[in-house]
Amino acid sequence: MEHLIIPTRNYLYVPSFDDINKTVDFIHFIVSIDIFFLGNASCGRGTYVHYKAKRGRSTTIAFCYLVKYKQMTVSTVIDFIRAKRP
C-alpha cells in the first residue's frame, strides 16, 4: 500500500493548490502503476482519499483527479460523484 501525507489543518483550512496538484498527481501515478503491472485499474484495488473532519476535501481531490486525468467536464464529475455519494 502506498500513501501520501499532506498536512492540512482542519476546519477553516483547505489544502493549497500545490498540495492538491501533488495529491492528484500521486493518485495518477499509483493508478498508472496498477495498470502497468496488473493490466487494468479494476483488479480489486482502489484508491482511498481521506481527510479528517469531513469537510469535503477528499471529494475535492477526487473531483480534481477526474477533471485533470479523466478529462471529465465539471458537470459530468458533479453527476458522477452525486451518483456515488448521494
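Y65 and Y69 both sit in helix α2, which covers residues 57–69, and they are 4 residues apart, or about one turn of the helix. The structure shown is a predicted model, and this pair of tyrosines makes a friendly place to start reading it. A search of the whole structure turns up 1 aromatic pair. In that pair, the ring centres of Y65 and Y69 are 5.8 Å apart and the ring planes meet at 35 degrees, so the arrangement is described as tilted. The label follows from the cut-offs, because planes under 30 degrees apart would count as stacked and planes over 60 as edge-to-face. The two partners can also be compared by their surroundings. Y65 has a relative accessibility of 10% and therefore counts as buried, because buried means under 20%. Y69, with a relative accessible area of 23%, is partly exposed.

Helix α2 also takes part in a contact between charged side chains. The count of salt bridges comes to 1. Its partners are D25 and K68, whose closest N and O atoms are 2.8 Å apart. D25 belongs to helix α1 (residues 17–38) and K68 to helix α2, so the salt bridge ties together parts that are 43 residues apart in sequence. That distance of 2.8 Å can be set against the limit for a salt bridge, which is 4 Å. Neither end of the bridge is described as buried: D25 is partly exposed at a relative accessible area of 31%, and K68 is partly exposed at 38%.

The surface offers a further feature. V67, V74 and I78 together form a nonpolar patch there, with about 200 Å² of accessible area between them. One of these residues, I78, is found in helix α3, which spans residues 74–84. I78 has a relative accessibility of 31% and so counts as partly exposed. This value matters for the patch, because patch residues need over 30% relative accessible area.

Finally, the segment before α1 deserves a look, since it contains S16. This serine counts as partly exposed, with 34% relative accessibility. How far apart in space are S16 and I6, C-alpha to C-alpha? The separation is 9.8 Å, while along the sequence S16 and I6 are 10 residues apart.

Notes: Residues numbered from 1 in each chain as written. Predicted model: local features only at pLDDT ≥ 70, side-chain atom pairs only at ≥ 80, totals over all residues. Heavy atoms only, no water. Patch = residues over 30% accessible without salt bridge, like charges linked within 9 Å, V, L, I, M, F, W, Y side chains within 5 Å. Areas by Shrake-Rupley, 256 points an atom, 1.4 Å probe, with all protein chains shown as cover. Helix = DSSP H or I, 4+ residues; strand = E, 2+ residues; numbered from the N terminus. Buried < 20%, exposed > 50% of the residue type's maximum accessible area, 1.4 Å probe, protein only. Phe/Tyr/Trp six-rings, centres within 6.5 Å; stacked < 30°, edge-to-face > 60°.
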